[in-house]
Amino acid sequence: MAGCIFCKIINGEIESDIVFENDKIIAFRDLNPQAPIHILIIPRKHISRIEDLKKQDSSLMGDLVFAAKQIAVKMNVKGGYRLVFNNGSNAGQEVEHIHLHLLAGRKFTWPAG
Ligand code: 5GP
Ligand code: ZN
């Protein structure tokens with residue numbers, strides 16, 4: 001989608017440190033990491049928010065989680081990790097292209113801030 005930062009990363013207009021990709025998904029390091037490992041896992045298809053998902057997107061969302069598992073294995077993550085979707089303004093979503101945060105390498109508190 002025109003003007004979307006993550007679509008620009010997908011089509012190579014904006015550089016990123018890609019750690020995983022397949023035909024449906026790409027994953028790259030967050031520019032402003034909140035943990036020693038902070039990866040953004042995104043669908044190549046532009047979907048702005050969770051509420052825009054169609055029934056046929058449900059397997060794609062499962063693919064994002066499965067990619068998180070594959071990345072954690074590839075990066076030899078020990079001690080667990082946190083997976084986060086910030087959805088909408090109250091949750092602090094800044095980029096309107098669905099993305100799954102994979103955070104690892106430190107201990108996380110709960111409840112989230
Ligand atoms: P949100 O707050 O929407 O859940 O997360 C958006 C994330 O995208 C933030 O953690 C932010 O640091 C990251 N981000 C924003 N612009 C860029 C960019 O151009 N490149 C990369 N690698 N990350 C970005
Ligand atoms: Zn997009």
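Here is a short tour of this predicted model, from the whole chain to its ligand and then to two backbone details.

Residues are numbered from 1 along each chain as its sequence is written, and chains are lettered from A and ligands numbered from 1 in the order in which they are written. Local features need pLDDT of at least 70 and side-chain atom pairs count only at pLDDT 80 or more, while totals for chains, interfaces and linings use all residues; side-chain values use heavy atoms, with hydrogens and water left out.

**The whole chain**

Start with a cartoon view. You should find 2 helices and 5 strands, in the order α-β-β-β-α-β-β from the N terminus on. Helices (H or I, at least four residues) and strands (E, at least two) are DSSP runs, numbered from the N terminus. The radius of gyration, 14 Å, is close to the 13 Å that the globule rule gives for 113 residues, so the chain is as compact as a globular protein of that length. That radius is taken over C-alpha atoms, and the rule is 2.2 Å times the number of residues to the power 0.38.

**Ligand 1**

Next, select ligand 1 and the 16 residues around it, meaning those with a heavy atom within 4 Å. Arg29, Asp30, Glu94, His99 and His101 come nearest. Sorted by class, this shell holds 7 nonpolar, 6 polar and 3 charged residues. Here Ala, Val, Leu, Ile, Met, Phe, Trp, Tyr, Cys and Pro count as nonpolar, Asp, Glu, Lys and Arg as charged, and the others, Gly among them, as polar.

Now show the polar contacts (pairs of N or O atoms within 3.5 Å). Polar side-chain atoms of Asp30 and Asn86 lie 2.5 Å and 2.9 Å from an oxygen atom of ligand 1, respectively. Glu94 uses its backbone instead: an N or O atom there lies 2.6 Å from a ligand oxygen. Colour helix 1 (5–10) and strand 2 (25–29), the elements that give two or more residues to the shell. Helix 1 gives the most, with 3 residues.

**Two backbone details**

Move to the loop between helix 2 (58–74) and strand 4 (81–84) and pick Asn76. Its phi is near 55°, a positive value in a residue other than glycine.

Finish in the segment after strand 5 (100–104), where Pro111 is found. The peptide bond from Trp110 to Pro111 is cis, with omega near 5°. Both stops are worth a look because most residues other than glycine have a negative phi, and most peptide bonds are trans.

Terms used:
Polar contact = N/O pair within 3.5 Å; in protein donor to acceptor, adjacent residues only side chain to side chain.
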